[in-house]
Amino acid sequence: MLWLLFVLVTAIHADLCQPDAENAFKVRLSLRTALGDKAYAWDTNEEYLFKAMVAFSMRRVPNREATEISHVLLCNVTQRVSFWFVVTDPSRNHTLPAVEVQSAIRMNRNRINNAFFLNDQTLEFLRIPSTLAPPTDPSVPIWIIIFGVVFCIVIVATMLLILSGIRQRRRSASLEFLQISGTRESLTSLGASCLTSCLHGAPTSNL
Amino acid sequence: MDEARPLWATPLQFVFACISYAVGLGNVWRFPYLCQMYGGGSFLVPYIIMLAVEGMPLLYLELAVGQRMRQGSIGAWRTISPYLSGVGVASVVVSFFLSMYYNVINAWAFWYLFHSFQDPLPWSVCPLNGNRTGYDEECEKASSTQYFWYRKTLNISPSIQESGAVQWEPALCLILAWLLVYLCILRGTESTGKVVYFTALLPYCVLMIYLVRGLTLHGATNGLAYMFTPKVEQLANPKAWINAATQIFFSLGLGFGSLIAFASYNEPSNDCQKHTVIVSIINSSTSIFASVVTFSIYGFKATFNYESCLNKVILLLTNSFDLEDGFLTVSNLEEVKSYLASAYPSKYSEVFPQIKNCSLESELETAVQGTGLAFIVYTEAIKNMEVSQLWSVLYFFMLLMLGIGSMLGNTAAILTPLTDSKVISSYLPKEAISGLVCLVNCAIGLVFTMEAGNYWFDIFNDYAATLSLLLIVLVETVAVCYLYGLRRFESDLKAMTGHALNWYWKAMWGGVSPLLIISLFVFYLSDYIITGTLQYQAWDASQIPTVRKRL
């Protein structure tokens, strides 16, 4: 009698957890891809840890704090490694709605990944999309800073070249003026008057 | 007696200026494409023949004219014959067109250069979509590098009719590019002469570094083997010869008046024959050198994509049939596929349509040229290298140097006639004329920063200069040989440099080169007429990849 009851219970459990059953999710692990030589073997102990992590995630949902490890059912474990799981309610007759399980897993995805040394790509929950990390956006885009630096350098260099060109031209123009005025005066007067007119020329030269 | 003409400080500056002008972006992004399309190693045969028959003679002609007349293009041709000043004006106008759109490439190079200082590189990852569950749709359909180029850099509109607004980011980069060019040409040969040391030598340093890196990349040998395996039957293809002639012609930058301008600042006794040979050989060797680098990068990229494709197939099969992780490898893929096909036929036929046929050949065959090569293909290869920021910075810095070097030549072609003219230079100093030219070009160049700007760029790139240059150079050759007189020119050169003119140059100038140019001209004219309405490649977010649209 007791034996019949046991068979019945396991049969019901088996019905609850089936591929493509209502509220069931498929999980896929890629241990060798993630860990290479350090990949551990997937055995019943690892399955126990998985059930524990799922139960932990469910316990953090309000109204589901009573979830136990035994409420999480695994089935159809393949070589891949992949399997299906469902979470049942305390009565073990019904499975918890998929939406609740989905949100619970999403919120604790990081903890679950870390427990197995895996990440979002190597520990996949099909039909549970993971939240992607947004790229870090600094407040001022980096390129503008570099642009600003280069721009200022070019402007400063241009200004310097233009100003030195103007100064050079002014200097050569007044040098010419000085030469012309000196020649003219020395032609029209003798040495002494040349001194005074040369001095006259001096302040305008900006030498 | 007019005041002394500014001169190059040493003949080396002149050689570097010519090299910096001739070695430009075309060597890096056009020659490898031509090599791939027209038979790999065997393309070198028409290329070298055209170099000897067309490139060197015409280059020598322009340098000799510039050195003899000691004026920019307008003055030089007016001296040869007063009826020919139009040739000079045509050169200036074509140079003006070129400088309008060419500096936009430098603006894009600046943009990518500034964005290379981030980790991860912005073109290596797709941005997320609205609710952060996946990647942006346009980016998914295309690739992250294409998305960054078409959406983030250009913000391209679906067709040329939809102009859109001026994008402020590329506009800022364009203004910076023009400021840099102004800084380099501000003082004439004095400043240009010093800048060309950098713009001529730095690209070679970077190419050497890239050569070493490229050859050590995984899969580089695939690309090199593919490229250099000669396909001798392409020698019979007339298009190969036409493209070789065209490439030599445009690569040396003939007809723009830049070479005449540069040579006009030479000492009259300068041996320009020697410099001609040096410059043209260096230009062609750089093309070949750059294509070795490009093909090792191609090989790396193709091998990387091929292996990713295989890995995707492996993952697909592993997941569909729940095989053990790591069981399927590249080596046993085929046998396992046939086993699965026989063991689980129904399930296999479901999965079969999604299994892509990965082929290394088809990855290598995607030949790209132009901005697509520089900004999409190369960036895709760079993002997969280690320390990708360093390689990215080096690469875009090299592009910038190549582009600025060519811009210096272009602006010299415009400015030399202007500063030579007594009328203009009496009113305005040299700095003001340069500034005005840069300002006008920058203002017009803002058109290319609009959303449809890249389409305008493509049109200018393909059609602005081709026919005009061929005609200009044809008239130049005929003018010197038959109007001015070959004998008279020969005695001028002998008096100037002290060397007699070799018979080879006389034969080329008199007969072969003009005939070649006439045949090229006829070919292109008929090609345009036959093609009818011009077409361009458009990027439409709804139809990825690119589609051809009519103007």
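Contact means heavy atoms within 4.5 Å. This is a predicted model: local features need pLDDT of at least 70, side-chain atom pairs count only at pLDDT 80 or more, and totals for chains, interfaces and linings use all residues. Side-chain values use heavy atoms, without hydrogens or water.

**Exercise 1.** Find which residues S251(B) touches, leaving out those up to four places away in sequence.

*Solution.*
- Step 1. Locate S251(B): it lies in helix α12 (residues 238-251) of chain B. Helices are DSSP runs of H or I, at least four residues, numbered from the N terminus.
- Step 2. Check its exposure. S251(B) has a relative accessible area of 10%. That is buried (under 20% relative accessible area; exposed is over 50%, partly exposed in between; 1.4 Å probe, protein chains only).
- Step 3. List its contacts: A22(B), N27(B) and N283(B).

**Exercise 2.** Decide whether N283(B) is buried or exposed, and name its contacts beyond four places in sequence.

*Solution.*
- Step 1. Helix α14 (residues 272-321) of chain B holds N283(B).
- Step 2. Its relative accessibility is 2%, so N283(B) is buried.
- Step 3. N283(B) contacts A22(B), V23(B), N27(B), S251(B) and L252(B).

**Exercise 3.** Compare the expected span of helix α3 (residues 44-59) of chain A with the distance between its end C-alpha atoms.

*Solution.*
- Step 1. The expected span is 1.5 Å times one less than the number of residues.
- Step 2. For the 16 residues of α3(A), this gives 22 Å.
- Step 3. The end C-alpha atoms are 22 Å apart, so the two agree.
- Step 4. Buried residues of α3(A) include F50(A), M53(A) and V54(A). Among the elements covering the buried residues are β1 (25-29) and α4 (98-107) of chain A; strands are E runs of at least two.

Conventions:
Residues are numbered from 1 along each chain as its sequence is written. Chains are lettered from A and ligands numbered from 1 in the order in which they are written.
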